[in-house]
Amino acid sequence: VLSGMVGAYAVNPLKRRSDLIRSGVVVTLAFAALGVAAAAVEATTAVDALQVAPWGLIGGVGAMALFWLSVALFERAFDVASDWGLLELCSPEQPLLHDLMLRAPGTWAHSVMVGNLAEAAAKAIGANALLARACAYYHDIGKMNRPEFFVENQAGGNVHETLSPNLSAVVIAAHVKDGLRMAEEHRLPMVIREAIGQHHGTSLISYFYHRAAAFSGQEDP
């Protein structure tokens, strides 16, 4: 139990390989020290107690190996987003992000900027900065279905000039639903899917509302 408590403390945070090595050393030493202490209660000589230390070292290494395997298994089984999993999701080689870069480069640049801001804000309030960045990277993935309808991807004219405001609003809002569908297909963690679904809120798309009101002559002065 004590070794497990030390291990739970040692693996937090666990964002780099060096963190795994550090936590592994701490857990292994804890196993060895606690094993020697437990053996010393009944041992007749110090040598007898110290003979337990190698078994403690083996137990610590085995515990870290089991932990590494368990993270990979339980992340999928229980939909948990570990720091390692989030780091993998933030890699530009992830299929969704790679497609976003190719099909909607303006949206990708926007998402990176939002990620920088979200990460800085999360750090300032003590929240999970890595989770904030990962959510920012994926929040607009639905835009790659119709990239030309979003201003950051428009190189020439604005396609909305030829559409009714109602249709424009429907297309803009649809990228949230498209993003959720893509996230489910690629089995993104629930916390990422929640960010995609919530990032537009439930407020009015005011630009197209006022445009429609102006066309109908009902806009307030």
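**A note before the views.** A residue counts as buried when its relative accessible area is under 20%, and as exposed when that area is over 50%. Please keep in mind that everything shown here is a predicted model.

**Figure 1. Tyr207 and Phe208, two rings that meet edge-to-face.** Welcome to the first close-up. The ring centres of Tyr207 and Phe208 lie 5.0 Å from each other, with 85° between the planes. Is Phe208 buried or exposed? Phe208 has a relative accessibility of 9%, so this residue counts as buried. Its partner Tyr207 is exposed, because its relative accessible area is 52%. The count of aromatic pairs in the model comes to two.

**Figure 2. The second largest pocket, with Phe208 close to its centre.** Here we meet Phe208 again, this time as part of a lining. The pocket has a volume of about 380 Å³, and 21 residues line it. Those nearest the centre are Ile172, Ala173, His200, Ile205 and Phe208. Which helix gives the largest share of the lining? That is H9, with four residues. Helix H9 covers residues 165-185, and helix H11 covers 206-216; each of them supplies at least two lining residues. By character, the lining consists of ten nonpolar, seven polar and four charged residues.

**Figure 3. The largest cavity and the eight names around it: Gly142, Lys143, Asn145, Arg146, Phe150, Val171, His175 and Asp178.** This view turns from an open pocket to an enclosed space. The structure holds one cavity of 30 Å³ or more, and the volume of the largest cavity is about 30 Å³. How do the residues of its lining divide into nonpolar, polar and charged? Two are nonpolar, three are polar and three are charged.

**Figure 4. The protein chain as a whole, built with eleven helices and zero strands.** Stepping back helps to place the close-ups. Read from the N terminus, the elements run α-α-α-α-α-α-α-α-α-α-α. The C-alpha trace spans about 95 × 35 × 25 Å along its principal axes. The radius of gyration of the chain is 26 Å, whereas a compact globule of 221 residues would have one near 17 Å. Of the 221 residues, 37% are buried, and Phe208 from the first view is one that counts as buried. How are contacts spread along the sequence? Among contacts between residues at least 6 apart in sequence, 63% join residues at least 24 apart.

Key. Residues numbered from 1 in each chain as written. Predicted model: local features only at pLDDT ≥ 70, side-chain atom pairs only at ≥ 80, totals over all residues. Heavy atoms only, no water. 1 Å grid on protein atoms, 1.4 Å probe; cavity = no way out; pocket = protein on both sides within 12 Å on 5 of 7 lines; lining within 4 Å. Points joined across faces, edges and corners; volume = space filled by probe spheres on them. Nonpolar A, V, L, I, M, F, W, Y, C, P; charged D, E, K, R; others polar. Phe/Tyr/Trp six-rings, centres within 6.5 Å; stacked < 30°, edge-to-face > 60°. Buried < 20%, exposed > 50% of the residue type's maximum accessible area, 1.4 Å probe, protein only. Rg over C-alpha atoms; globule rule 2.2 N^0.38 Å. Contact = heavy atoms within 4.5 Å.
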